[in-house]
Amino acid sequence: MTTQTMPIATAPLLELTPGTPRVAVITGSYGAGHNSAAREIARVLTAAGCEVETHDIVTLLPWRLGPILRAVYYAQLRRSPRSWGSTLRLLEPGRLAYRLVTWLLGCVAAGTVEATRECDLVVTTHPFGAQVLGHARLTGALEVPVATYLTDASVHALWIHQGVDLNLAIHEIAAAEGRAWGGRTEAVRPLIPERPPASAALCGEPCPGDIEGPWSW
């Protein structure tokens, strides 16, 4: 196995309008990894001169769908963590569960589109964000570029939507998985955020007790 060193980017990721680019970062408070990546992306883009706003897909979905899905996810991790692999297999393209989930997320894109109005670029760090934004791009409801930052080392199908302009993977293996699911994917150097203070937690971010299980050290 060889280790590939990714070159430092010398050009903008995506073409932005002149002036101060306005960027929306869409996280998902289903786990600290998504929020940590979103915070670091927001910090880096702010330092580069962008105007950045961060949203949580949990609060953007209607009908309290976000909190309901989060509660189900936490319950599964607590009670039957080994079932997660089976869940991901059910959520592969061609399966009924995949069609239902992607259809549902496509139907509830309006709130996310409204939240990102007048932005020059949208970046998401969660699969639900990728599905919602990709659908909005494909249908023309969202006219600005969308990038998905793949926080997982192994990329499952819900991370990838054909409407997303670019997927950013933390290493080449994950990038190859993203491409295998049909997404335009490039490997970049992974974000390594500093540990934030407790007060920096996003609303809804889980506490350690929310996801305790047999994997806990």
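How many helices and how many strands are there in the protein chain?

**View 1. The whole protein chain of this predicted model.** The protein chain holds eight helices and six strands, and from the N terminus on its elements run in the order β-α-β-α-α-α-α-α-β-α-β-β-α-β. Of its 217 residues, 42% count as buried, while the chain exposes about 12000 Å², of which carbon and sulfur atoms supply 59%. Among contacts between residues at least 6 apart in sequence, 65% join residues at least 24 apart.

**View 2. Aromatic rings around Tyr-30 and Tyr-73.** A search of the whole structure finds four aromatic pairs. One of them is formed by Tyr-30 and Tyr-73, whose rings meet edge-to-face, 6.4 Å centre to centre and with 70° between the planes. This pair links distant parts of the chain, since Tyr-30 lies in the loop between strand 1 (22–27) and helix 1 (32–47), whereas Tyr-73, 43 residues apart from Tyr-30, belongs to helix 3 (residues 65–79). Tyr-30 counts as buried, at 5% relative accessibility, but Tyr-73 counts as partly exposed, at 24%. Tyr-73 also pairs with Tyr-74 in a tilted arrangement, 6.0 Å centre to centre and with 45° between the planes, and Tyr-74 is buried at 8% relative accessibility. Ring pairs link these three tyrosines, Trp-84 and Phe-128 into a cluster.

**View 3. The buried side of helix 8.** In helix 8, which spans residues 172–180, the residues Ala-174, Ala-175 and Gly-178 are buried. They lie on the same side of helix 8 because they cover an arc of only 105° around the axis. An α-helix has 3.6 residues a turn, so residues three or four places apart point the same way. The buried residues of helix 8 pack against strand 5 (166–169) and strand 6 (185–187). After helix 8 comes Gly-182, which has a positive phi, near 100°.

**View 4. Arg-89 and His-156.** Arg-89 is found in helix 4, which covers residues 84–90, and counts as partly exposed at 48% relative accessibility. Although Arg-89 and His-156 are 67 residues apart along the chain, their C-alpha atoms are separated by 8.8 Å.

**View 5. The cysteines Cys-50 and Cys-119.** Cys-50 counts as buried at 13% relative accessibility, and Cys-119 is likewise buried, with a relative accessible area of 5%. With a disulfide taken as a pair of cysteine sulfur atoms within 2.5 Å, the count of disulfides comes to zero.

Key
Residues numbered from 1 in each chain as written. Predicted model: local features only at pLDDT ≥ 70, side-chain atom pairs only at ≥ 80, totals over all residues. Heavy atoms only, no water. Buried < 20%, exposed > 50% of the residue type's maximum accessible area, 1.4 Å probe, protein only. Helix = DSSP H or I, 4+ residues; strand = E, 2+ residues; numbered from the N terminus. Arc of directions from axis to C-beta. Contact = heavy atoms within 4.5 Å. Areas by Shrake-Rupley, 256 points an atom, 1.4 Å probe, with all protein chains shown as cover. Phe/Tyr/Trp six-rings, centres within 6.5 Å; stacked < 30°, edge-to-face > 60°.
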